[in-house]
Amino acid sequence: MQLVTARFYCAVCNQQAAVLTLFEDGRLIHSGLMAEVTEVVPPAIRMAALYALEQAGPEAVYAVNKLWAAFYCPECDAVYCKDHWQIELKYDDDDPTWYDRAYGVCPQGHRRLIDE
């Protein structure tokens with residue numbers, strides 16, 4: 001059963017930047033800058049995750065798990081959609097075909113890890 005869904009909108013164009021949905025069984029589905037991802041939220045942080053999503057505050061989500069809030073720039077205190085992030089994919093040094101992580105640069109030039 002779904003507990004809460006939070007939607008976040010771009011500060012530049014007001015388009016939807018991300019959707020995060022938390023389920024009773026601890027599953028979290030998040031979609032936004034990268035592919036849609038489903039993961040299990042550890043029991044120790046489920047209440048914090050629920051609170052952050054109920055408040056629909058990107059800074060609260062970022063405080064619980066930075067990668068869940070890949071759409072959020074903490075330096076700007078703003079949400080941006082995938083059209084307004086410059087996304088840089090990084091591949092493993094030993095195997096350049098193996099995806100390793102991604103960095104994003106917001107419209108104001110702030111760089112941060114957005115996927116790992």
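## Close-up views of a predicted model

**View 1. β1 and β2 pair in the antiparallel sense, with 7 bridges between them.** Welcome to this predicted model; we start with a hairpin. Within the pairing, Y9 sits opposite Q16 of β2. The hairpin of β1 and β2 leaves 6 residues between its strands, and N14 is the residue to look for, with a positive phi near 65 degrees. If you like to check backbone torsions, N14 is a good place to begin.

**View 2. Strand β2 also pairs with β3, again in the antiparallel sense, over 4 bridges.** Strand β3 covers residues 27-31. Across this pairing, L20 faces H30 of β3. The two strands make a hairpin with 3 residues between them, and in its turn G26 takes a positive phi of about 95 degrees. Is β2 largely enclosed or not, and how many of its residues are buried? Of its 8 residues, 7 are buried, so β2 is largely enclosed by the rest of the structure.

**View 3. D25 and R27 are joined by a salt bridge.** The closest N and O atoms of this pair are 2.9 Å apart. Both partners can be found at the surface in part: D25 is partly exposed, at 45% relative accessibility, and R27 is partly exposed too, at 29%. R27 belongs to strand β3, which runs over residues 27-31.

**View 4. The largest nonpolar core of the model holds 32 residues.** Those with the most contacts inside this core are F8, L20, L22, L53, V61 and F71. Which elements give two or more residues to the core? They are the strands β1 (2-9), β2 (16-23), β5 (72-73) and β6 (78-79), together with the helices α1 (46-55) and α2 (58-64). Such a grouping fits a general pattern: in soluble globular proteins, nonpolar side chains tend to be buried together.

**View 5. A closer look at the core is centred on L53 and its neighbours.** Leaving aside residues up to four places away in sequence, L53 touches V4, A6, L20, L22, L28 and V61. Of these neighbours, L20, L22 and V61 are also listed with L53 among the residues with the most contacts inside the core. L20 may be familiar from View 2, where it stands opposite H30 in β3.

**View 6. E88 and R111 form a salt bridge between distant parts of the chain.** Their closest N and O atoms lie 3.3 Å apart. E88 is in strand β7 and R111 in strand β9 (residues 111-115), with the two residues 23 apart. E88 is partly exposed, with a relative accessible area of 30%, and R111 is also partly exposed, at 45% relative accessibility. K90 joins this pair as well: E88, K90 and R111 are linked in a network of salt bridges.

**View 7. I87, L89 and Y91 form a nonpolar patch on the surface.** Together, the three residues have about 250 Å² of accessible area. Y91 lies in strand β7, which spans residues 86-91. With a relative accessible area of 40%, Y91 counts as partly exposed. As general background for viewing a strand, side chains in a regular strand alternate between the two faces of the sheet.

**View 8. R101 and D100 meet through their side chains in a salt bridge.** The N to O distance is 1.9 Å. R101 is partly exposed at 27% relative accessibility, and D100 is partly exposed at 27%. How many salt bridges does a search of the whole structure find? The search gives 4.

Notes. Residues are numbered from 1 along each chain as its sequence is written. This is a predicted model: local features need pLDDT of at least 70, side-chain atom pairs count only at pLDDT 80 or more; totals for chains, interfaces and linings use all residues. Side-chain values use heavy atoms; hydrogens and water are left out. A nonpolar core is a set of buried Ala, Val, Leu, Ile, Met, Phe, Trp, Tyr and Cys residues joined through side-chain atoms within 4.5 Å. Buried means under 20% relative accessible area, exposed over 50%, partly exposed in between (1.4 Å probe, protein chains only). Contact means heavy atoms within 4.5 Å. Patches are made of residues with over 30% relative accessible area and no salt bridge: like charges are joined within 9 Å, nonpolar side chains (Val, Leu, Ile, Met, Phe, Trp, Tyr) within 5 Å. Accessible areas come from the Shrake-Rupley method with a 1.4 Å probe; for residues, only the protein chains shown count as cover. Two strands pair if DSSP finds at least two bridges between them.
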